[in-house]
Every structure is written in structure tokens, then in C-alpha cells.
Amino acid sequence: MKNVLHKLLFITALAITNAAFAAVINTDDALQKVLQARLLNDRTGVCMAVAVISDTTIKAIACANPNVRRAIDDQTAFEIGSITKTMTATLLASMVQSGQMSLDAPLADYLPFGTQVPSFKGKPILLRHVVTHTSGLGALPPDFAPTDASNPYANLTEKSLLASLAKVELKQAPGEVQSYSNFAMMVLSTAIANKAGKSYEDLLKTRIFLPLGMDGAYISDSNRPKRITAAVGHLPNQAVTSPWIFPVNLAGVGGVRATLPDMIQYAKAQLGREFDKDAKINSNSAATANANANANAGLIKAIAKTQE
């Protein structure tokens, strides 16, 4: 999502199921050597935080410039970008599971009263369409005009986002064409927060972060745990670039920051793998989940079990 962030490239919880690879790369040291070989003579200054999840989990951190290695560790939170969208889908799944929302209900039902949501010949946009990128909404709001290209979402407001829906004219019925939409995902996280009566970040914390033991994850810098350091991004010319800031209820598009251990826990939940011994979730309850909200039942049951 943020293609200018070359200095700190976070490869989050890379899940590798190839048995031959896992048999050779089966220790932290072995993975470290692979990363060092990959970064040999690299001039970007990139750093990688990598995990391989197989029967066991191994992890390593490497930088093209070894002099900055000590600045990145398990307590470093990275912008995970659009991986956040899968968390938004998981939140939606949890609310579908609990009966608070329905995939086949119109998106308009979960937005503030009076919000004008486009339709096509009487066919409304359903939540199912939004979460599968078939809503017909564009990649970005029609009047999106960031004042700072290095931090484009900072000045976007919930009010202006929802108002922009009235300016959209759908070209086909929702559900017919798949087209990746940041616009739709911001509207979805707003709808989820509106229905729950809590902020998107609060929902993530109570329904995903705490149950899965993701104790370094956050959105707003004011909620960053004291022990966690935010990774600093750089442009290709080595100049520091600011993190992308999102209004909290719009952050479902890409606003989560998380450490490598956090993302290992999240990936394990999605893969149905055994959790680390200090995790706050029952590993026997976890099951594979995916971004289609109606396929998250196993993960949602595992999360719900911790809240009983």
C-alpha cells in the first residue's frame, strides 16, 4: 500500500508450506542466512522482519546495512498496510456470527441515518459486496484530494467520506465486477464501528488483539504500548517519510501497526496453527479463516471462546 517505504520493508508472518523449504530452513539461524544472502549488495537500506510458519515457527530480522540492525527487533511496530483489511473482514465476520450484522443486508442499514448510498437499478450494495470488493465503488472517494501526498488520508474525515457516497454513480449492479476499493473498506470499517457503538480501534483490541495475544498492535499513536517503538520509513533517497495517519474509524483500510510476533499470532489464527504457549487463545479452537466474512467461523469461535 505504501510503496515508498523502502527502508523498512516488513514481510509479515510469511507462511511457507513447502515441505522441502521447511526441511532446509528450519532454524532462526538458517533463515537469517537466507535473508543476509538476499540483501547482499542491496543499496536500498531495506530491513526485513520475517517469519516462516510450518510445523514450527522460525523468525529472523536482517538489514542491508547491518549497522542499523539493533534499531529493529520484536518490539518494533510496522505499518502493516492493507493486511488491515483482513482484520476488518474478521471483525465483520464476528458481528455476523453474533447476529449483529448480516452479509446480505444493505450497507446503508449500518451507516448513520440519512447517508446516501448509491444503488444500480434498485439493487443496493450489500455488505457481502463490500467485503469482497464487488460493491462498484471506486478505488478512492470521487472527490479525494489529499493535501499531503506523503500522508494522504490524514485530513479525510468520516463526514466527508460518507458524503462522497452520494456523488457515486454505479456502472453495474453490485456483485458483478470485482475491483479493489480502499473507498469501500473505509466505509465498511465506519459501518462496523457505527453498528457496534465503539471505535474501530476499540473493536480490534477487544475482538482480535487481546484474544490473540497481539499486545504490540495498535492504530493511534496515543495507544502505542510504551515498550513498542514505531518503525521509521524512508524514501528511495534515504529521506525520512511520515507514517500514514488514518481517522480511527476509517483505519480499516490500512491503519494497523504491529510487531512481527503480533503478526505471527494473527497468521497462525488464520492458518489454524498451534499458538505460542503464552497466547491468550485456545489453539484447539482455532481454524482456518479467510477474508470472505462467511468463512471465518473457526477463527471467530476461537476468539469468542476467550470472551465467554
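A residue is called buried under 20% relative accessible area, exposed over 50% and partly exposed in between (1.4 Å probe, protein chains only). The model is predicted: local features need pLDDT of at least 70, side-chain atom pairs count only at pLDDT 80 or more, and totals for chains, interfaces and linings use all residues. Residues are numbered from 1 along each chain as its sequence is written, and side-chain values use heavy atoms, with hydrogens and water left out.

Select residues 182-196, which form helix 6; helices are DSSP runs (H or I, at least four residues), numbered from the N terminus. Of the 15 residues in helix 6, 12 are buried, among them Phe 183, Met 186 and Ile 192. Add helix 3 (84-97), helix 4 (127-131), helix 5 (158-164) and helix 7 (200-209), which are included in what covers those buried residues.

Next, inspect the ends of helix 6. At the N-terminal end, Ser 181 acts as a cap, with a side-chain oxygen 3.5 Å from the backbone nitrogen of Phe 183. Just after helix 6, Gly 197 adopts a positive phi of about 75°.

Proceed to Thr 206 in helix 7. Thr 206 is partly exposed, at 34% relative accessible area, and its side chain reaches the backbone oxygen of Leu 203 at 3.4 Å.

Finally, display helix 3 with helix 8 (residues 260-271), whose axes (lines fitted to C-alpha atoms over the stretch in contact) come within 12 Å and cross at roughly 50°. The contact (heavy atoms within 4.5 Å) is made by Thr 86, Met 87 and Thr 90 of helix 3 and Met 263, Tyr 266 and Gln 270 of helix 8.

Methods:
Helix = DSSP H or I, 4+ residues; strand = E, 2+ residues; numbered from the N terminus. Expected span 1.5 Å × (residues − 1). Polar contact = N/O pair within 3.5 Å; in protein donor to acceptor, adjacent residues only side chain to side chain. Axes fitted to C-alpha atoms, helices over the stretch in contact; angles between N-to-C directions.
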